[in-house]
Amino acid sequence: MLKLFRKVRKQLIAEKKVSNYILYALGEIVLVVIGILIALAIDNANDNRIKREKEQIYLRGLKEEFDISKIKLKELIKVNRKSYEAAQEIVLLMDDGNSASEEKFSNLLSDAFTNDIFFNPNNSLLNEMINSGSLKDISNDTLRIRLTNWISTIDDIANQEKMLGEERNNTVNTIREQGYSIRTLLDNTGMSQKLGIPLSKNPMSNLGALNSVAFENNILLFIITSQSTEIDHYDPLMVSLNTILETINNELEK
């Protein structure tokens with residue numbers, strides 16, 4: 001093709017057809033420009049393909065992380081609910097002490113206060129993307145914003161869980177500070193056997209705690225904080241998590 005153009009150009013010059021030569025030159029420039037544009041289009045298409053493939057890898061990784069986080073959050077909500085429902089039963093025992101037994105009270109204490117409530121989402125990939133600046137590779141602006149907000153929301157959740165932990169410790173410390181027996185609790189819940197501790201030969205009753213105003217105050221604050229953790233924090237967090245997963249699924253290539 002180039003040889004043909006050179007031959008035509010030499011012929012036009014030899015025949016001194018200036019106007020035709022100018023038209024030829026302009027045509028040649030247009031062809032060069034078109035060639036450059038085609039090359040740029042191919043390069044851009046390749047770049048976009050590479051970016052899209054990279055984005056798809058990130059999206060699949062994020063989907064896996066948020067799927068696992070959803071399972072964790074569901075389980076945590078169940079554990080938290082079991083804790084404050086056990087605490088609510090203790091309050092009922094306070095109102096009707098005749099229905100209380102040492103074993104029942106011990107098991108309710110165990111259900112209410114032995115589990116730490118702490119959401120630990122799988123954010124390894126997301127944190128890596130944020131720290132490396134790779135979050136920009138997510139083309140969906142809405143998804144990028146939601147992923148960024150997710151991190152700040154988790155920080156808020158951690159603060160609420162810290163408050164809940166403090167209320168749990170306050171309630172347990174009331175039992176301990178008023179001279180009631182942890183040994184009795186362990187014996188009646190089967191924990192003594194699991195820990196290799198012999199049963200107490202002189203078991204002490206903890207039922208007196210049901211008449212303690214300090215214990216009642218602390219357990220009520222624990223219930224309030226536990227329910228607030230679920231309603232005001234975990235439930236909205238689950239909505240946010242589901243929205244992120246839905247957006248990721250929409251962006252994934254089928």
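**Close-up views of an all-helical predicted model**

**Overview of the fold.** Along its sequence the protein chain follows the pattern α-α-α-α-α-α-α-α, with eight helices and zero strands (DSSP runs, H or I of at least four residues for helices and E of at least two for strands, numbered from the N terminus). This is a predicted model, in which local features need pLDDT of at least 70 and side-chain atom pairs count only at pLDDT 80 or more, whereas totals for chains, interfaces and linings use all residues. Residues are numbered from 1 along each chain as its sequence is written, and side-chain values use heavy atoms, with hydrogens and water left out. Of the 254 residues, 35% are buried (under 20% relative accessible area, 1.4 Å probe, protein chains only).

**View of the F113 and F222 pair.** The whole structure holds four aromatic pairs (ring centres of Phe, Tyr or Trp, the last by its six-membered ring, within 6.5 Å; planes under 30 degrees apart are stacked, over 60 edge-to-face, the rest tilted). One of them joins F113 and F222 in a tilted arrangement, at 4.8 Å centre to centre and with 55 degrees between the planes. Because F113 lies in helix α3 (residues 102-113) and F222 in helix α8 (residues 213-251), the pair ties together parts that are 109 residues apart in sequence. Both F113 and F222 are buried.

**View of the F119 and W150 pair.** F119 and W150 form an edge-to-face pair, with 6.5 Å centre to centre and 85 degrees between the planes. F119, in the loop between α3 and α4 (124-132), is thereby linked to W150 in helix α5 (residues 141-177), 31 residues apart. F119 is buried at a relative accessible area of 4%, and W150 is buried at 0%. F66, F119 and W150 form one aromatic cluster.

Technical notes
Buried means under 20% relative accessible area, exposed over 50%, partly exposed in between (1.4 Å probe, protein chains only).
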